[in-house]
Amino acid sequence: MHRARLLIFWDYDTQWGTDADRRRGLPVQDQAGGAEYQCTERLLELHAEYGAPACFAVVAAAALPGARPYHNPAQVRRLHADGHEVASHGFRHEWIPELDLRALRNMLEQSKRALEDCIGHRVTSFVPPYNQPFDYPSGLSFSRSERQAVPHDRTGLGRLCEALHETGYDFCRVAYRSLGERALDRLMGRPMDRPSRLRRIGQVHCARLNTPCGFASATLAVVDRAVRTGGLVVAYGHPHSLQSSGAQAERWLVPFLEHVRQLRRAGQLDVVLPRDLTAGVGCS
């Protein structure tokens, strides 16, 4: 049985993410860009208090010199200085399925370079904006919406991972679900989330999301199951939602971090970073 491990991600979208959502016609929080920075300061305090490292997936344009709400390179550098991992979350929070191969490679290279120039350290992990693409035929996952929106020269998960490897990344957080998993979800009336293991798509190590967004009881249930059975848990939230009333709010995060601390002290759980997994620590 593999030891229970937990990855905690924060998708640091900033104003670039808010603007990208608005262009796509998605609901937006108008103050999300500014709230990102204030809430991230609080997150850094909480993660230091509970001794839990996290991976901050940063929209790389925010790491360039400039003013808020679009830029905050000093805070991005602090994420790294405080011992957290900085991953790429695209350059301007792009919707990846619509990118052709050339645009995809350019975005990955530009994002990596901006983050590395900011923090002075290699960036080798990637978190796709919107958790897409879902389309991955090799994993029996097919996205009708992605195929309808981009019928030609579409980027699926296989192409993304190939481009990641070519541009120097070795980890990606993914969110595809197979036809069988989707059928089971429908049968049970809810996502049947469970601990998983690190996988490889091409030459890239991939961790699949297996908790709902946030840190409420459903996410805690997957953590507790991993303690019993072993496996990897992937949890995530958005800094600007720390002030919300939903599952990403501080009122849920604090009990979650306390529970995780107790499990760590009991030797039942490890909190890891993507760079730990790709370095071979506890890899499946």
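# Reading a predicted fold

Tutor: His-93 is buried, at a relative accessible area of 5%. Here buried means under 20% relative accessible area, exposed means over 50%, and partly exposed lies in between, with a 1.4 Å probe and protein chains only.

Student: What kind of model is this, and which pLDDT limits apply?

Tutor: This is a predicted model, in which local features need pLDDT of at least 70 and side-chain atom pairs count only at pLDDT 80 or more, while totals for chains, interfaces and linings use all residues. Residues are numbered from 1 along each chain as its sequence is written, and side-chain values use heavy atoms, with hydrogens and water left out.

Student: Where does His-93 sit, and what is its phi?

Tutor: Most residues other than glycine have a negative phi, and most peptide bonds are trans. His-93 is not a glycine, yet it has a positive phi of about 60 degrees. It is found in the loop between strand S3 (85–88) and H4. Helices (H or I, at least four residues) and strands (E, at least two) are DSSP runs, numbered from the N terminus.

Student: Which residue in helix H1 has a positive phi?

Tutor: Thr-14 does, with a phi of about 60 degrees, although it is not a glycine. Thr-14 belongs to helix H1 (residues 14–23). Its relative accessible area is 1%, so it is buried.

Student: And which peptide bonds are cis?

Tutor: One is the bond from Arg-68 to Pro-69, with omega near 5 degrees. Pro-69 lies in the loop between strand S2 (55–58) and helix H3 (73–81). Another is the bond from Gln-132 to Pro-133, with omega near 20 degrees. Pro-133 is placed in the loop between S4 and H5.

Student: Pro-128 is in the loop between S4 and H5 too. Is it buried or exposed?

Tutor: Pro-128 has 3% relative accessibility, so it counts as buried. The loop runs between strand S4 (125–126) and helix H5 (144–149). Contact means heavy atoms within 4.5 Å. Leaving aside neighbours within four places in sequence, Pro-128 is in contact with His-89, Ile-96, Leu-160, Cys-172 and Arg-173. Its C-alpha atom is 8.4 Å from that of Glu-94, and the two residues are 34 residues apart along the chain.

Student: How should I read the overall fold: how many helices and strands are there?

Tutor: The protein has 10 helices and nine strands. Its radius of gyration is 18 Å, close to the 19 Å that the globule rule gives for 284 residues, so the protein is as compact as a globular protein of that length. The radius is taken over C-alpha atoms, and the rule is 2.2 Å times the number of residues to the power 0.38. Along the principal axes, the C-alpha atoms fill a box of roughly 50 × 45 × 35 Å. Of the 284 residues, 54% count as buried. Among contacts with a separation of 6 or more, 76% are between residues 24 or more positions apart.

Student: Which residues have the most contacts inside the largest nonpolar core?

Tutor: In soluble globular proteins, nonpolar side chains tend to be buried together. A nonpolar core is a set of buried Ala, Val, Leu, Ile, Met, Phe, Trp, Tyr and Cys residues joined through side-chain atoms within 4.5 Å. The largest core here has 63 residues, and those with the most contacts inside it are Leu-6, Ile-8, Phe-126, Leu-253 and Phe-256. Helix H4 (residues 101–119) supplies the largest share of this core, seven residues. A second, separate core has 16 residues, including Ala-87, Ala-207, Leu-209 and Val-272.

Student: What does Val-272 touch?

Tutor: Beyond residues up to four places away in sequence, Val-272 touches Arg-5, Leu-6, Leu-7 and Leu-277. Val-272 is part of strand S9 (residues 270–272) and is buried, with a relative accessible area of 7%. It is 218 residues from Ala-54 in sequence but 7.8 Å from it in space, C-alpha to C-alpha.

Student: What surrounds Ile-8?

Tutor: Apart from neighbours within four places in sequence, its contacts include His-47, Pro-53, Ala-54, Phe-215, Phe-256 and Val-271.

Student: And what is in contact with Leu-43?

Tutor: Leu-43, in helix H2 (residues 32–50), is buried at 0% relative accessible area. Leaving aside neighbours within four places in sequence, it is in contact with Trp-10, Phe-56, Pro-239, Leu-242 and Leu-253. Leu-43 and Leu-242 are 199 residues apart along the chain, and their C-alpha atoms are separated by 8.3 Å.
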